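Got your viewer open and a selection tool handy? Let's take this one stop at a time.

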Amino acid sequence: MTCDAVVKSLPLYFYGEVAPDVEDAIEEHLGTCALCREEWERQKTLAAALDRHVLSPPAALLAECRHDLARAIYREEMPAVRRSASDPWGLFREAFSSLWRPGIRFRQPAGAVALIALGFFAARFTGSWPAGASLAGFTTPDAMVSSIRSVQPDNTGSVQISLDETRRRVISGRLDDHNIQRLLMAAAREQDNPGVRVESVELLKNRGSSAAVRAVLLEAVTRDPNPGVRLKALEGLKSFAGDADVRKTLAQVLLKDQNAGVRIQAIDLLIANQDAATVSTLQTLIGKEDNNYVRMRCQNALRNMNASVGTF
Amino acid sequence: MLQDAAGAVSARAVAKVDEATVIRAVQRGDQDAFEQLVRAYDQSVLRLAMNLLRSPEDARDVYQEAFLRVYRNIHTFRFDCSFHTWLYRIVTNICLDHLRKRKVRREESAVVETADGPVDRMDSFEQEGTHANPERRFWNSQVGNRIETALGDLTPRERTVFELRHYQGLRLRAIGEMLGTSEEAAKNCLFRATQKMRVVLGDLV
């Protein structure tokens with residue numbers, strides 16, 4: 001190969017995108033040509049400089065993207081809400097019916113969308129209503145209606161609505177702050193939002209040395225309906241796989257969890273700290289497991305423990 | 001060792017089977033499965049968009065548009081390529097549109113939102129250098145500026161191919177498939193992109 005041909009091929013050679021015979025020829029040439037070796041070094045320096053220039057999206061941006069997507073999906077799902085945009089009471093009804101509907105996450109922004117819209121329209125009405133009209137409470141941008149307490153019409157054609165309002169508040173603090181931890185533990189149990197739960201468990205998972213945090217992780221592993229949250233919680237329990245309560249929960253997960261990934265992780269944690277009960281748990285699992293890969297992992301684990309695969 | 005390799009192959013096979021199950025569930029209208037699918041890929045989609053467009057706002061738009069397209073068109077996915085390829089094809093097409101529009105507008109944000117607030121890309125690049133050494137910091141800043149210029153000088157297609165190969169580690173064959181072109185054309189794009197960058201970065205590398 002000539003120097004010119006080698007230099008031209010260096011970028012593709014760097015990315016492993018040349019044929020094996022060309023690769024051999026380049027390597028042979030580089031072994032004998034100092035000028036081409038210098039070019040090769042420049043190629044590697046360029047790649048290293050570019051590597052240092054990579055951008056990683058911040059976690060907050062990812063969370064915002066997920067939130068925006070959930071809202072957009074909701075709007076796709078519920079064209080009726082868009083159609084009724086001129087009718088705040090229609091939005092209001094939608095909001096409450098959706099809040100009570102059992103949880104599909106991408107539909108959850110329904111309440112928020114509708115209530116924000118209601119707030120928007122109510123604010124517009126407030127602006128045009130005569131003084132003394134009592135919808136002023138809706139004008140606060142961060143306020144959301146959580147429940148209606150009473151509705152009372154009067155003789156003049158007006159109606160008085162008593163409602164509870166919730167207000168968004170942003171709290172920031174360090175992870176070792178006790179109050180922040182308490183909020184995260186509450187968030188890990190946030191029934192309606194698996195996104196919040198998964199982020200909270202992710203933050204709590206390195207704090208399993210606290211008994212309260214460990215209890216939250218154990219609860220998430222056994223009760224959370226979202227497998228992503230359960231897997232995160234299992235990660236948090238990794239360092240405590242020798243603890244009796246944790247082992248009991250792991251055995252329970254192994255035999256009851258519907259998700260194969262979760263069961264595999266539970267096997268890994270159990271066999272990392274084997275005890276007398278591990279063998280019987282794995283043997284029981286093999287008897288009822290329908291996933292080939294999980295069964296194979298169980299069999300391997302039992303063999304490594306010199307235990308029989310079946311029960312007799 | 002062989003057992004580990006076999007285990008890894010089995011794990012990949014299981015992952016593929018599971019993904020196919022999830023996709024079928026999404027095609028049946030299962031919202032939880034859709035969420036599972038989004039979460040499996042959304043970080044890499046956002047990273048790709050962010051690095052291609054160098055703008056958090058545009059990356060956010062691409063994220064939403066890409067997954068909405070997936071949501072609307074998942075019923076047309078026939079498993080004749082991997083879901084990853086299908087998704088990245090959508091994402092790169094949207095990014096290419098953004099880059100082409102930007103070529104017309106000639107605008108690009110230098111500021112990136114981070115957890116600590118807005119940060120200039122060059123500043124964040126500098127942070128990777130040695131703070132205590134001003135000479136080193138200056139050098140890093142020079143390289144960072146030149147890299148931005150070099151990336152800005154690439155055509156949308158060159159930039160996309162370069163990003164997918166250098167940062168995402170995809171093979172040129174797969175990149176060609178995603179962009180609806182041949183492996184050879186992708187190879188030429190990568191070559192041109194690298195050459196242009198070497199010219200712009202000049203004596204700094």
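What should the 18 residues of helix 3 (residues 34–51) of chain A span at 1.5 Å a residue, and how far apart are its end C-alpha atoms? Keep in mind as you click that this is a predicted model. The expected span is 26 Å, and the end C-alpha atoms sit 26 Å apart, so the two agree.

Stay on helix 3 of chain A and pick out its buried residues: A:C36, A:L46, A:A49 and A:L50. Now look down the axis of helix 3 of chain A: these buried residues fall within an arc of 135°, so they line one face of the helix. Next, select A:A34, A:E38, A:E41, A:A48 and A:D51, the exposed residues on the face of helix 3 of chain A that is turned away from its buried side.

Zoom out to the whole of chain A. Its secondary structure comes to 15 helices and two strands. Of the 312 residues in chain A, 31% are buried. Take the contacts in chain A between residues at least 6 apart in sequence: 49% of them join residues at least 24 apart.

Last stop, where the chains meet. The contact draws 35 residues from chain A and 45 residues from chain B. Colour chain B by element: those supplying at least two residues each to the side that touches chain A include helix 1 (2–27), helix 2 (31–53), strand 1 (111–114) and helix 9 (183–201). Helix 2 of chain B gives the most, with twelve residues. Recolour that side of chain B by residue type and you get 24 nonpolar, nine polar and twelve charged residues.

Technical notes
Residues numbered from 1 in each chain as written. Chains lettered and ligands numbered in written order. Predicted model: local features only at pLDDT ≥ 70, side-chain atom pairs only at ≥ 80, totals over all residues. Contact = placed C-beta atoms within 7 Å. Helix = DSSP H or I, 4+ residues; strand = E, 2+ residues; numbered from the N terminus. Nonpolar A, V, L, I, M, F, W, Y, C, P; charged D, E, K, R; others polar. Buried ≥ 20, exposed ≤ 12 C-beta atoms within 10 Å, placed from the backbone. Expected span 1.5 Å × (residues − 1). Arc of directions from axis to C-beta.
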